[in-house]
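Please open the model in your viewer and keep the selection tool ready. This tour moves from the whole chain to single residues, one selection at a time.

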Amino acid sequence: MIETLKVLEEIQRIDLEIKAIEEQEKEFIANLDQLGTELKEENAAIEALGAEAGGLAAQIKEAEERIRESGERVSKDEKRLNSVKNDRELNAITKEINGANKSRKQGEQEKNQLAARVSEKEGALNAKKESAAQKQADFDRLSAELVEKRNAWKEAAQSKLKSKDDIKSKIRPDILRKYEMIRSKRGGLGLAQVKNEICQGCFTHIPPQVYIMLKRGTEELQSCPHCHRLLYAETPRELEAV
Ligand SMILES: [Zn+2]
């Protein structure tokens, strides 16, 4: 069983390396997805800010139109002052001029307030555009990197699978099947070490008689009664040295 355990340990080492490659790929893709989501959100925010700035610009145009109309009314009324016939007419025209002047002033105030809000929106818009451009550049760079990395990961995993294939014939097929089955159910670990009667796979105590058999090195492999992982008492290399 020492030889079998040595091979199983080697197989598990290779399997864990393959798993690490897969996790690296998953993490990379998750980060890229996250960046893509953020980019989408920023672009939506840019669109919303642009629409708000556009709405304010339309309001500025309306205010400008009111200012122009009031100005026209004032100059028209001022001309009429030259041909005024009586006090009643004078009062009426003066009242109209005052009203038009007031409306022009209000229009100007409104326009200034709107302009301040537009410049505020434009500031926020520029900041968002800058950050979105940076994110887009990162996204493009990482997407290109992913293509290269995928090939490298695939090659590395294939070469590891090949070395697994090369050694797996050294153990009994039923033992390999058992290892593979447990590995698939137990987070990638089919083999676990036992230290001080504790399975290092699930960290529960194993019965003393199993531990004794493990230490003795029986012909059959022992399994953890809790997590079912195949067990070894020491590292196979240590066993070999005994
Ligand atoms: Zn266990």
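The stops below go from overall form to domains, then to a sheet, a core and one helix residue.

Before selecting anything, note that this is a predicted model, in which local features need pLDDT of at least 70 and side-chain atom pairs count only at pLDDT 80 or more, while totals for chains, interfaces and linings use all residues. Residues are numbered from 1 along each chain as its sequence is written.

**Whole chain.** Display the C-alpha atoms, which fill a box of roughly 130 × 40 × 25 Å along the principal axes. The chain has a radius of gyration of 40 Å, whereas a compact globule of 242 residues would have one near 18 Å; this radius is taken over C-alpha atoms, and the globule rule is 2.2 Å times the number of residues to the power 0.38. Switching to a cartoon view, you can look for five helices and four strands, which are DSSP runs numbered from the N terminus (helices H or I, at least four residues; strands E, at least two).

**Two domains.** Colour residues 17–168 as domain 1 and residues 173–241 as domain 2, with bounds that come from an automatic or database domain assignment. The centres of domain 1 and domain 2, taken over C-alpha atoms, are 61 Å apart.

**The sheet.** Next, select the four strands, which form an open, mixed sheet in the order S2-S1-S4-S3, where two strands pair if DSSP finds at least two bridges between them. At the edges, pairing on one side only, are S2 (198–199) and S3 (222–223). S1 and S2 run antiparallel to each other over two bridges, and Lys195 stands opposite Ile198 in S2.

**The core.** Which residues touch the most other members of the largest nonpolar core? Select Leu191, Cys199 and Leu231, which do so among its 19 residues. Such a core is a set of buried Ala, Val, Leu, Ile, Met, Phe, Trp, Tyr and Cys residues joined through C-beta atoms within 7 Å. A residue is buried if 20 or more other C-beta atoms lie within 10 Å of its own, exposed if 12 or fewer, and partly exposed in between, with C-beta atoms placed from the backbone.

**A helix residue.** Finally, select Glu120, which lies in helix H2 (residues 87–168). Glu120 counts as partly exposed because it has 13 C-beta neighbours inside 10 Å. A line drawn from the C-alpha atom of Glu120 to that of Ser223 spans 69 Å.
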